[in-house]
Amino acid sequence: MDHDATADVNAPHSMGTTIIGVTYNGGVILGADSRTSTGLYVANRASDKITQLTDNVYICRSGSAADSQIVSDYVRYFLHQHTIQLGQPATVKVAANLVRLLSYSNKNMLQTGIIVGGWDKYEGGKIYGIPLGGTILEQPFAIGGSGSSYLYGFFDQAWKEGMTQEEAEQLVVKAVSLAIARDGASGGVVRTVTINSEGVTRKFYPGDQLALWHEEVEAHNSLLDILNASNPEPMST
């Protein structure tokens with residue numbers, strides 16, 4: 001039977017995704033791939049799934065792109081009001097519970113799994129998982145999205161308490177690249193956000209600089225290789 005291409009193009013944008021949040025000794029690191037898909041098509045190969053809520057709290061979004069964006073927009077607005085009323089930044093717990101409240105109250109309509117991570121002066125670095133349905137779970141690490149299925153065993157083996165910032169960052173990048181290798185709905189680049197008492201640091205790892213895993217084939221003669229060649233051959237008609 002022929003595959004209906006228009007059905008894919010018109011399908012809802014879904015961030016069939018790999019998202020990760022990890023606590024370490026001093027803060028948290030959030031990581032994500034960058035592929036947004038529409039059915040079998042890649043709608044955006046370099047999307048940013050790690051969204052700022054406040055100066056000290058970020059969220060990783062998975063599931064329906066529209067649903068996760070509207071939840072983060074509402075929560076950002078409510079947290080802004082909350083900060084003005086209190087005269088100080090909102091805690092990670094308050095931000096996560098607002099996400100939980102919206103997700104749980106609208107669970108019949110929303111299709112999104114979210115990881116909230118941040119640092120505050122009361123509790124330090126915290127990670128909260130808010131999966132489909134609006135449960136809230138405080139965890140030392142959280143993984144989500146379609147790529148997370150491939151990572152549970154890896155995290156059981158690789159995660160340890162009291163990691164340094166460098167160890168945690170390497171773990172997150174390795175985990176996302178492993179999921180990209182196995183999960184067709186994850187791909188592109190790896191983005192990380194590190195949050196601690198000193199502030200926020202964003203990092204970007206291009207796809208061609210990620211480790212290749214078992215049976216992954218290196219790209220050859222791609223359009224990017226041709227464009228980046230020092231002496232491209234002229235096209236002949």
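These are my notes on a surface patch, a lysine and a helix in this structure. The model is predicted.

**Entry: the patch**

I looked for nonpolar surface and found a patch of about 410 Å². I70, Y74, Y77 and F78 make it. I then placed Y74, which lies in helix α2, residues 65-86. Is Y74 buried or exposed? Neither: I list Y74 as partly exposed because its relative accessibility is 44%, and that class runs between 20% and 50%.

**Entry: K49**

I went to the loop between β5 (41-44) and β6 (50-52), where K49 is found. I checked its cover next. K49 has a relative accessible area of 1%, so I list K49 as buried; the cut-off is under 20%. Which side chain joins that of K49 in a polar contact? I found D33, at 2.9 Å. I also pulled the contacts of K49, leaving out residues up to four places away in sequence. Among them are M15, G16 and T17. A32, D33, S34, R35 and T36 are also touched by K49. I59, C60 and R61 complete the set.

**Entry: helix α5**

I tested the length of α5, residues 165-182. Its 18 residues, at 1.5 Å a residue, should span 26 Å. The end C-alpha atoms are 26 Å apart, so the span agrees. I then listed the buried residues of α5: A168, E169, L171, V172, V173, A175, V176, S177, A179 and I180. What do the buried residues of α5 pack against? I noted strands β2 (19-24), β3 (27-32), β12 (190-196) and β13 (199-205), plus helix α4 (152-158).

Definitions and conventions. Residues numbered from 1 in each chain as written. Predicted model: local features only at pLDDT ≥ 70, side-chain atom pairs only at ≥ 80, totals over all residues. Heavy atoms only, no water. Patch = residues over 30% accessible without salt bridge, like charges linked within 9 Å, V, L, I, M, F, W, Y side chains within 5 Å. Areas by Shrake-Rupley, 256 points an atom, 1.4 Å probe, with all protein chains shown as cover. Salt bridge = Lys/Arg side-chain N within 4 Å of Asp/Glu carboxyl O. Helix = DSSP H or I, 4+ residues; strand = E, 2+ residues; numbered from the N terminus. Buried < 20%, exposed > 50% of the residue type's maximum accessible area, 1.4 Å probe, protein only. Polar contact = N/O pair within 3.5 Å; in protein donor to acceptor, adjacent residues only side chain to side chain. Contact = heavy atoms within 4.5 Å. Expected span 1.5 Å × (residues − 1).
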